[in-house]
Amino acid sequence: MSDVLSMRREQLALLAKREFDLLVIGGGITGCGIARDAALRGLSVALVEKNDFASGTSSRSSRLVHGGVRYLEHGHLRLVFESSAERHRLLALARHLVRPLAFTWPVYTGARVPRWKLGAGLLLYDALALFRNVSRHRRLSRVDVLRREPNLQPDGLLGGALYYDAATDDARLALANALGAAEAGALVLNHAAVTALIADNDRIAGASIRDALDGVEVEVRARVVVNATGPWSDELRRLDEQASPTIRG
């Protein structure tokens, strides 16, 4: 335990020693991903998390890395394009953590989405992925659907379609990004809570960080501070007296 505390004190001393280009608060997948990307671009980065990495939302997700097929109906084409591109990158960069996942979509008599509309939507889905999905969607007959999913109710079943997304171990993916950030030169520390934000000329210029293990507190200065705390964003924003108590996604 003494070795751990000694190492953490060294890290805390390094946090307080310099001004970083970027201070990322929040060690979920968003914060870890930002820290890794920024460090790989040559920026000096500090990443702090008040609990353990991926201990919040990033270990309680659906575990889907999806292209957002449901957004098509609402015309959110740009969102589908961006999600599909990110899925393609993750399948290429993290094959050990992200795997293809096939979905069977059955269509019954009177369904809100008829077969022709489903086919057209999935064709657009493939196109927005630049046809780089795991595989293109495939139209399924009634027999094909029941062969794939024999426990489905056969009465009224017209057919369906097969399409692909991806699944991941969300916590491990977040941790892999945190480790990648550290390997790229970022100073990464968990169990380090932000207790106050440092204001300088009407901007946030850093934060006070308290080590949860022994209570040591230091000030970390940064040119840019990123609030990547997800559902806890407003809690952090309240530390800035000038910030409005709203959260924007």
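At roughly what angle do the axes of helix H3 and helix H4 cross, and within what distance do they come? This is taken up in the first legend below. All views show a predicted model.

**Figure 1. Contact of helix H3 with helix H4.** The axes of helix H3 (residues 77–93) and helix H4 (residues 115–128) cross at roughly 60° and come within 9 Å. H3 is therefore oblique to H4, as angles from 35 to 65 degrees fall outside the roughly parallel and roughly perpendicular classes. On the H3 side, the contact is made by Leu77, Val80, Phe81, Ser84 and Arg87, which meet Leu124, Tyr125 and Leu128 of H4. Sorted by class, this contact contains six nonpolar residues, one polar residue and one charged residue.

**Figure 2. The open sheet of six strands.** Strands in the order E7-E2-E1-E10-E9-E8 make up an open sheet with mixed pairing. Its edges are strand E7 (187–189) and strand E8 (192–199), each of which pairs on one side only. On average, neighbouring strands of the sheet are turned by 35° against each other, direction ignored. At the E8 edge, seven bridges join E8 to strand E9 (residues 204–211) in the antiparallel sense. One of the bridged pairs is Ala199 with Ile204, the latter in E9.

**Figure 3. Strand E1 and its two partners.** Five of the seven residues of E1 are buried, and the strand is mostly covered. E1 pairs with E10 in the parallel sense over six bridges, and Val24 stands opposite Val226 of E10. E1 is also parallel to E2, to which four bridges join it. Here Leu22 has Val45 in E2 as its bridge partner. Helix H2 (residues 29–40) lies across strand E1 (19–25), strand E2 (45–48) and strand E10 (217–227). Relative to E2, helix H2 runs at about 165°.

**Figure 4. Strand E6 and the strands joined to it.** Strand E6 (residues 157–168) is largely enclosed by the rest of the structure, because 11 of its 12 residues are buried. Three antiparallel pairings of E6 are shown, with E3, with E4 and with E5. Strand E3 (residues 64–65) is joined to E6 by two bridges, and Val65 has Ala166 as its bridge partner in E6. Strand E4 (residues 98–108) is joined to E6 by 11 bridges, with Pro106 opposite Gly160 of E6. Strand E5 (residues 138–141) is joined to E6 by four bridges, with Arg139 opposite Ala161 of E6.

**Figure 5. Surroundings of Thr168.** Thr168 belongs to strand E6. Its relative accessible area is 7%, so Thr168 is buried. Neighbours within four places in sequence aside, Thr168 is in contact with Arg63, Val65, Leu97, Val98, Arg99 and Leu173. Among these contacts, Val65 is also the residue whose bridge partner in E6 is Ala166.

**Figure 6. Two loop residues with positive phi.** Most residues other than glycine have a negative phi. Ala54, although not a glycine, has a positive phi of about 65°. Ala54 is located in the loop between E2 and E3 and, at 4% relative accessibility, counts as buried. His191, likewise not a glycine, has a positive phi of about 50°. The loop that holds His191 is the one between E7 and E8. With a relative accessible area of 30%, His191 is partly exposed.

**Figure 7. Glu183 in helix H6.** Helix H6 (residues 170–183) contains Glu183. Because its relative accessibility is 72%, Glu183 counts as exposed. Between the C-alpha atoms of Glu183 and Leu123 there is a separation of 40 Å, the two residues being 60 apart along the chain.

**Figure 8. Confidence along the chain and residues 243–249.** The average pLDDT of the protein chain is 90, and 95% of the residues score at least 70. Over residues 243–249, however, the pLDDT is below 50. In the model, this stretch has eight contacts beyond near neighbours in sequence. Where pLDDT is low, the predicted coordinates should not be read in detail.

Methods
Residues are numbered from 1 along each chain as its sequence is written. This is a predicted model: local features need pLDDT of at least 70, side-chain atom pairs count only at pLDDT 80 or more; totals for chains, interfaces and linings use all residues. Side-chain values use heavy atoms; hydrogens and water are left out. Two strands pair if DSSP finds at least two bridges between them. Axes are lines fitted to C-alpha atoms, for helices over the stretch in contact, and angles run from 0 to 180 degrees between N-to-C directions. Contact means heavy atoms within 4.5 Å. Buried means under 20% relative accessible area, exposed over 50%, partly exposed in between (1.4 Å probe, protein chains only). Angles under 35 degrees count as roughly parallel, over 145 as roughly antiparallel, 65 to 115 as roughly perpendicular and the rest as oblique. Ala, Val, Leu, Ile, Met, Phe, Trp, Tyr, Cys and Pro count as nonpolar, Asp, Glu, Lys and Arg as charged, and the others, Gly among them, as polar. pLDDT is the predictor's confidence in each residue, from 0 to 100.
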